[in-house]
Each structure stands twice: as C-alpha cells, then as structure tokens.
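Visitor: Could you take me on a close look at one part of this model, starting from a single side chain and working outwards? I would enjoy hearing how the pieces around it fit together.

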Amino acid sequence: MERAAGDVPVHYVAHGEGRPVLVLHGAMADHREAEACFEPALGARDGYRRICPDLPGMGRTPAPASLRSAEDVLDVLLGFADEVAGPDAVLVGGHSAGAHYAQGIAARRPDRVSGLALVCPVPAGR
C-alpha cells in the first residue's frame, strides 16, 4: 500500500485490525525487518493494526532531494502517522534507527503517542 506524507509517497504494509501501532525498521532495511522483529509478539494478539512503513530512502519509499536531515525524515513519519491513524493515539515501536524515530515521534507529539516499544535503540546524541 502507499500513502502520501507531504510530497513523499510512503510504501507500507498493515496487518490486523484495531488500535494503530506504527512499527519502524532500522537503517539499511525495509518494513520486513520491523515485521520480523515485532510480529511474533504483536501478531499473536487481537485488537492491534500494525502499520509497517518503509522509511524514506529505504525499501519502496523514495527519498526526494527535499529530505536533507533526520528531522526531515521525522516530519515525513509524523505526516504518515497522521494519514494512517487519523485522530487516534498510536502505539509506536521501533528497532535500532526506527527506535530513534519512534522517540522523536513521541517527543514531538506526546498527546498522540500512548506507548513506546524500543528494541536496540540508537543511543541519544549519536
């Protein structure tokens, strides 16, 4: 599937129904890495819609020249979350660099994030 976040068409897959869970993969991977990391736990439970995007420049999501920093990527992810979750609060999970972005989403939108799951997060300041 694909959903536009600003001028970036974000490719993603979704599994299940219910409360939205944004699941972010690490660097140099695509949504399949996040699926492999989180699906064993989340897929065994009902009531969660797991949304796994390809981060910009990875998988099938392009990285236009307008994306020049991690903050720009974070802006895309925030727009994507708004598009796929609507007004609902989301749970956010991330592995490695995806955990870094998950923390950024929670910091920028604390009212929209109801929980975080971080696996091997990139240390702060790196």
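Guide: Let's start with Val 73, which touches Pro 56, Leu 67 and Tyr 101 once residues up to four places away in sequence are set aside. Please keep in mind that this is a predicted model. Val 73 sits in helix α2, and its relative accessibility of 12% is under the 20% limit, so Val 73 counts as buried. Gly 57 makes a useful reference point here: 16 residues separate it from Val 73 in sequence, and the two C-alpha atoms are 9.5 Å apart in space.

Now for the helix that carries Val 73. The 16 residues of α2 should span 22 Å at 1.5 Å a residue, and its end C-alpha atoms are indeed 22 Å apart, so expectation and model agree. Val 73 has company on the buried side of the list: Leu 74, Val 76, Leu 77, Leu 78, Phe 80, Ala 81, Val 84 and Ala 85 of α2 are buried as well. What covers these buried residues? The cover includes the strands β1 (2–5), β2 (8–15), β3, β4 and β5, together with helix α3.

For contrast, look at Glu 83, also in α2. Is Glu 83 buried or partly exposed? At 42% relative accessibility, Glu 83 counts as partly exposed, because that value lies between the 20% and 50% cut-offs. Leaving aside neighbours within four places in sequence, Glu 83 is in contact with Arg 3 and Ala 4. Ala 27 is 56 residues from Glu 83 in sequence, and their C-alpha atoms are 23 Å apart.

Tyr 101, one of the contacts of Val 73, leads us to the other helix, α3. How do α2 and α3 meet? Their axes come within 10 Å and cross at roughly 70 degrees. That angle falls in the 65 to 115 degree range, so α2 and α3 are roughly perpendicular to each other. On the α2 side, the contact is made by Ala 70, Glu 71, Val 73, Leu 74, Asp 75, Leu 77 and Leu 78; on the α3 side, by Tyr 101, Gly 104, Ile 105 and Arg 108. The crossing in which α2 passes α3 is right-handed.

Helix α3 can be checked in the way we checked α2. Its twelve residues (97–108) should span 16 Å at 1.5 Å a residue, and its end C-alpha atoms are 17 Å apart, which agrees. Its buried residues are Ala 97, Gly 98, Ala 99, Tyr 101, Ala 102, Gly 104, Ile 105 and Ala 106. They pack against the strands β3 (19–24), β5 (90–95) and β6 (113–119), as well as against α2 (70–85).

The loop between β5 and α3 holds Ser 96. Its phi is near 55 degrees, a positive value in a residue other than glycine. At 24% relative accessibility, Ser 96 counts as partly exposed. Cys 120, in the segment after β6, also is not a glycine and has a positive phi, of about 50 degrees. With 56% relative accessibility, Cys 120 counts as exposed.

Why does Cys 120 not form a disulfide? The closest cysteine sulfur, in Cys 37, is 7.4 Å from its own sulfur, which is too far for a bond given the 2.5 Å limit. Cys 52 is in a similar position: its closest cysteine sulfur is again in Cys 37, at 10 Å, so that pair is too far for a bond too. Cys 52 is buried, with 1% relative accessibility. By the distance rule, the disulfide count comes to zero.

One last stop is back towards the start of α2, in the loop that joins β4 (48–53) to that helix, where Thr 61 is found. Thr 61 is buried, with a relative accessible area of 2%. What surrounds Thr 61? Not counting residues up to four places away in sequence, Thr 61 touches Val 8, Pro 9, Val 10 and His 11, and also Asp 54, Leu 55 and Pro 56. Pro 56 brings us back to where we began, since Val 73 touches Pro 56 too.

Notes: Residues are numbered from 1 along each chain as its sequence is written. This is a predicted model: local features need pLDDT of at least 70, side-chain atom pairs count only at pLDDT 80 or more; totals for chains, interfaces and linings use all residues. Side-chain values use heavy atoms; hydrogens and water are left out. Buried means under 20% relative accessible area, exposed over 50%, partly exposed in between (1.4 Å probe, protein chains only). Helices (H or I, at least four residues) and strands (E, at least two) are DSSP runs, numbered from the N terminus. The expected span of a helix is 1.5 Å times one less than its number of residues. Contact means heavy atoms within 4.5 Å. Axes are lines fitted to C-alpha atoms, for helices over the stretch in contact, and angles run from 0 to 180 degrees between N-to-C directions. Angles under 35 degrees count as roughly parallel, over 145 as roughly antiparallel, 65 to 115 as roughly perpendicular and the rest as oblique. A crossing is left-handed if the near helix is turned anticlockwise from the far one by less than a right angle, and right-handed if clockwise.
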